[in-house]
Structure formats: C-alpha cells, structure tokens
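Please examine the protein below with its sequence and its fold side by side. The account that follows leads from a group of rings to the interior, and then to the surface.

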Amino acid sequence: METISSIAKRLNVTNGRIYQIIKEIPADKQPKKDVKGKYNFTKESVEAIESYYNNSSSPKTDNESDLVKQLRADLEDAKAEIKAKNNQIDKFQQLLSQQQQLNLSTNRQNEKLLDTTTNNTPSQDDSPLQNDHTDVLEPTGDHYKGVDNKTPKKGLFGWLRR
C-alpha cells in the first residue's frame, strides 16, 4: 500500500507536489479517497503519477539549465563591463588630477605676473584705471557706516579679488 509520503520520497519531491500531480493527471487514473479522506493508490495511479512527474520534470530541468547558463553568461558580461567602467574611472581620475595640477600651476604663474606688474611704476596706459571708481573695496553711497579696513588678500585666488 503506497502513501503520498512514500511516493514523494521515491520521486524526491514534497507531499504538496504529489497533491498537485494528482490534480493534473486524468480522472480515471487518479487515486480514490476512502471514508476518512485518505487516498487509496492503485498500481495504475502510482504509475500515472510517476510518468507525469518524469515527463514534466525533464523539460523543466533542461529549461533550468539553459536559464542557469544564460544567467552565468550575463554575469560574466556584467563583470567585464564593470571592469571596463572601473578602468575608465581610473583614467578620468588621472586626467582630473593632471588638470588640477595644471590649474594650480597656471594660477601661480598668474599671481607672479600680477605681482611683478603691480611692483612696477604705473605707465600712462594704467593711469585711467587709477581714476576708475568702480572698485568693490570702496564704499558706495550713504548706506555704508563702517570703517574700511580691507586689505587685498593674498593666496591662491587672491588675484581674482583685486
């Protein structure tokens, strides 16, 4: 006498899967229930369950193995793409570092040029600039009530503040 548990163990599936298979097989081959609601398996019903499981499980295994192969291929593609993106990021970081060094060098050269031009005596071309009253360091209008103690700041971007 077969039970659902024994069939499930033999097929290496759960009891719930056996119940699903019973619902899927034709009605004439399904096991009959007794008064207590338990299934009475005949030789035909057990064979029907086993044949249904064998026929339905083999295509799933093939599909699952194809799916696993596809997922592994996708994973390898993703790893290769990530590696390429990491290389691009490294190159961009190097370029950014070079650009920052060039900017720093250019700013230093500009400061030196500005310092050398301010130490020279003003020429006739510079005299109109001395009379220009658009300097932001000077107070404008009647709204200024403080004392102007501002001195030109030196530093990396000091030449921008002049």
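Which residues form one aromatic cluster? The model is a predicted one, and in it the cluster consists of Y19, Y39 and F41. A search of the whole structure returns 2 aromatic pairs. In one of them, Y19 and Y39 lie 6.1 Å apart from centre to centre, with 50° between the planes, and the pair is tilted. This pair links distant parts of the chain, since Y19 belongs to helix 2 (residues 15-24) and Y39 to strand 2 (residues 39-40), 20 residues apart. The rings of Y39 and F41 have centres 6.0 Å apart and planes at 40°; because planes under 30 degrees apart would count as stacked and those over 60 as edge-to-face, this pair is tilted. Y39 thus takes part in the pair with Y19 and in the pair with F41.

The members of the cluster can also be described by their exposure. Y39 and F41 are both buried. Y19 has a relative accessibility of 39% and is therefore partly exposed, as this value falls between the limits of 20% and 50%.

The cluster also leads into the interior, for F41 is among the residues with the most contacts inside the largest nonpolar core. That core has 14 residues, and the others with the most contacts inside it are I4, I7, L11, I18, I22 and I49. Helix 1 (4-11), helix 2 and helix 3 (43-119) each contribute at least two residues to this core. What does I18 touch, if residues up to four places away in sequence are not counted? The list comprises I4, I7, A8, L11, V13 and I49.

Another buried position is S45, which is placed in helix 3. Its relative accessibility is 0%, so S45 counts as buried, the limit being under 20%. When neighbours within four places in sequence are left aside, S45 is in contact with K29, Q30 and P31.

Charged side chains supply a further set of links. Side chains of opposite charge can pair when their charged atoms come close. The count for this structure comes to 2 salt bridges. In one, the side chains of R10 and E2 meet at 3.3 Å, N to O. In the other, R10 meets E50 at 2.8 Å, N to O. R10 lies in helix 1 and E50 in helix 3, so this pair ties together parts that are 40 residues apart in sequence. Through their shared partner, the salt bridges join E2, R10 and E50 into one network. How exposed is each member of this network, by relative accessible area? R10 is partly exposed at 42%, E2 is partly exposed at 24%, and E50 is partly exposed at 23%.

The loop between helix 1 and helix 2 holds N12. This residue has a positive phi of about 60°, although N12 is not a glycine. With a relative accessibility of 67%, N12 counts as exposed, because the limit for that class is over 50%.

The surface also carries a nonpolar patch, formed by L104, L156, F157 and L160. Together these residues have about 340 Å² of accessible area. One of them, L104, is found in helix 3. L104 has a relative accessible area of 31% and is partly exposed.

These local features can now be set within the whole protein. The protein has 5 helices and 2 strands, and along the sequence they follow the pattern α-α-β-β-α-α-α. Which share of the 162 residues is buried? Buried residues make up 13%. The accessible surface of the protein comes to about 13,900 Å², and 52% of this belongs to carbon and sulfur atoms. Among contacts between residues at least 6 apart in sequence, 50% join residues at least 24 apart. The salt bridge between R10 and E50 ties together parts of the chain that are 40 residues apart, while the aromatic pair of Y19 and Y39 links parts 20 residues apart.

Terms used: Residues numbered from 1 in each chain as written. Predicted model: local features only at pLDDT ≥ 70, side-chain atom pairs only at ≥ 80, totals over all residues. Heavy atoms only, no water. Phe/Tyr/Trp six-rings, centres within 6.5 Å; stacked < 30°, edge-to-face > 60°. Helix = DSSP H or I, 4+ residues; strand = E, 2+ residues; numbered from the N terminus. Buried < 20%, exposed > 50% of the residue type's maximum accessible area, 1.4 Å probe, protein only. Core = buried A, V, L, I, M, F, W, Y, C linked by side-chain atoms within 4.5 Å. Contact = heavy atoms within 4.5 Å. Patch = residues over 30% accessible without salt bridge, like charges linked within 9 Å, V, L, I, M, F, W, Y side chains within 5 Å. Areas by Shrake-Rupley, 256 points an atom, 1.4 Å probe, with all protein chains shown as cover. Salt bridge = Lys/Arg side-chain N within 4 Å of Asp/Glu carboxyl O.
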